Amino acid sequence: MSDTQLTLQLILAGLFFIAAISIDLYKEKIPNTLSLLAIFCGFAINAYYAQLAGVLMATFGFGLAFILLFPTFLFRILGAGDIKLMMGIGALMGPELLFSSLIYGIVAGAGTSLLLIIWKTGLTGIWKTMKRYWDCFYLRSYFKPEADEAAGQTVPYAPALAIGWLWACSLDKDVVALYQNWTLYLGLGAT
């Protein structure tokens, strides 16, 4: 993979994540047009720079995102917008970086979800959820969460997916080498 291709992929993926986070935090939904644009760019860039091998890489990244994330949609863990966005990132970046991004995104999701829930409900919302869980356990009956408690909240997951992607990029040898090349080229690094 050329430095130009990787640079373009990283810039576009970063822009797609910035747009997705902004929209997801504001509207709690990622638009289909953004995801479709990411998918199209992934296939177009990879096909242009790597021909058939690029199309195959984009296809495997796209397909892996669908295979791994569709069950999370069925169990209402992630929304369809998150899955389609990651299908676009998979088409853009390929299956290896996508898989790492998803693993790190799950880890980051624990922290971002907790922070967003505290921001929405405060610590009282978490306390109400813990009390409701205790009541469900003690009385052996299920009680639906109320709107003002932590379990009653929807949490945008695009920030966690973006953090996972950044984390995966920071550990990827090709991305690190590209970063070092750019810092040397721009005169920002040691010679």
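Okay, let's start with burial: of the 191 residues in this chain, 38% are buried. Keep in mind that this is a predicted model. As for the overall layout, the chain has 6 helices and 0 strands, so reading along the sequence you just get α-α-α-α-α-α. Put a box around the C-alpha atoms, along the principal axes, and you get roughly 65 × 40 × 25 Å. On contacts, take the ones with a separation of 6 or more: 70% of those join residues 24 or more positions apart.

Now, the inside. In general, nonpolar side chains in soluble globular proteins tend to be buried together. Here, the largest nonpolar core has 37 residues. The ones with the most contacts inside that core are Leu 10, Phe 17, Met 86, Met 93 and Trp 165. Which elements give two or more residues to this core? They are α1 (3-27), α2 (32-74), α3 (80-93), α4 (95-139), α5 (158-171) and α6 (173-185).

Let me pick on Met 93 for a second. Ignore its neighbours within four places in sequence, and Met 93 is in contact with Leu 6, Gln 9, Leu 10, Ala 13, Met 57 and Trp 165. Two of those partners, Leu 10 and Trp 165, are also on that list of core residues with the most contacts.

Met 93 belongs to α3, so let's stay with that helix. Is α3 enclosed or not? What we see is that 12 of its 14 residues are buried, so the helix is largely enclosed by the rest of the structure. Among the buried ones are Gly 81, Gly 88 and Gly 90, along with Asp 82, Leu 85, Met 86 and Met 87. And what covers them? The cover includes α1, α2, α4 and α5. The length of α3 checks out too: at 1.5 Å a residue, 14 residues should span 20 Å, and the end C-alpha atoms are 20 Å apart, which agrees. Right after α3 comes Gly 94, with a positive phi near 95°.

Speaking of positive phi, there are a couple in residues other than glycine. Gln 51 has a phi near 50°, and Gln 51 lies in helix α2. Arg 76 has a positive phi of about 60°, and Arg 76 is in the loop between α2 and α3. Is Arg 76 buried or exposed? Its relative accessible area is 76%, and the cut-off for exposed is over 50%, so Arg 76 counts as exposed.

Arg 76 also brings us to the pockets. The largest pocket holds about 810 Å³ of space. It is lined by 27 residues, and the closest to its centre are Arg 76, Ile 77, Gln 153, Thr 154 and Val 155. Each of α2, α3 and α4 supplies at least two residues of that lining, with the largest share, 5 residues, coming from α4.

Last bit, for anyone thinking about cysteines. How many disulfides does the count come to? The count is 0. Take Cys 169: the closest cysteine sulfur is in Cys 41, 17 Å away, and a disulfide needs the sulfurs within 2.5 Å, so that is too far for a bond. Cys 169 counts as buried, because its relative accessibility is 7% and the cut-off is under 20%. Cys 136, at 14%, counts as buried as well.

Note on methods. Residues are numbered from 1 along each chain as its sequence is written. This is a predicted model: local features need pLDDT of at least 70, side-chain atom pairs count only at pLDDT 80 or more; totals for chains, interfaces and linings use all residues. Side-chain values use heavy atoms; hydrogens and water are left out. Buried means under 20% relative accessible area, exposed over 50%, partly exposed in between (1.4 Å probe, protein chains only). A nonpolar core is a set of buried Ala, Val, Leu, Ile, Met, Phe, Trp, Tyr and Cys residues joined through side-chain atoms within 4.5 Å. Helices (H or I, at least four residues) and strands (E, at least two) are DSSP runs, numbered from the N terminus. Contact means heavy atoms within 4.5 Å. The expected span of a helix is 1.5 Å times one less than its number of residues. On a 1 Å grid over the protein atoms alone, a cavity is a set of points where a 1.4 Å probe fits but cannot get out, and a pocket is an open set with protein on both sides within 12 Å along at least five of seven lines; lining residues have an atom within 4 Å of a point. Grid points are joined across faces, edges and corners, and a volume is the space filled by probe spheres set on the points.
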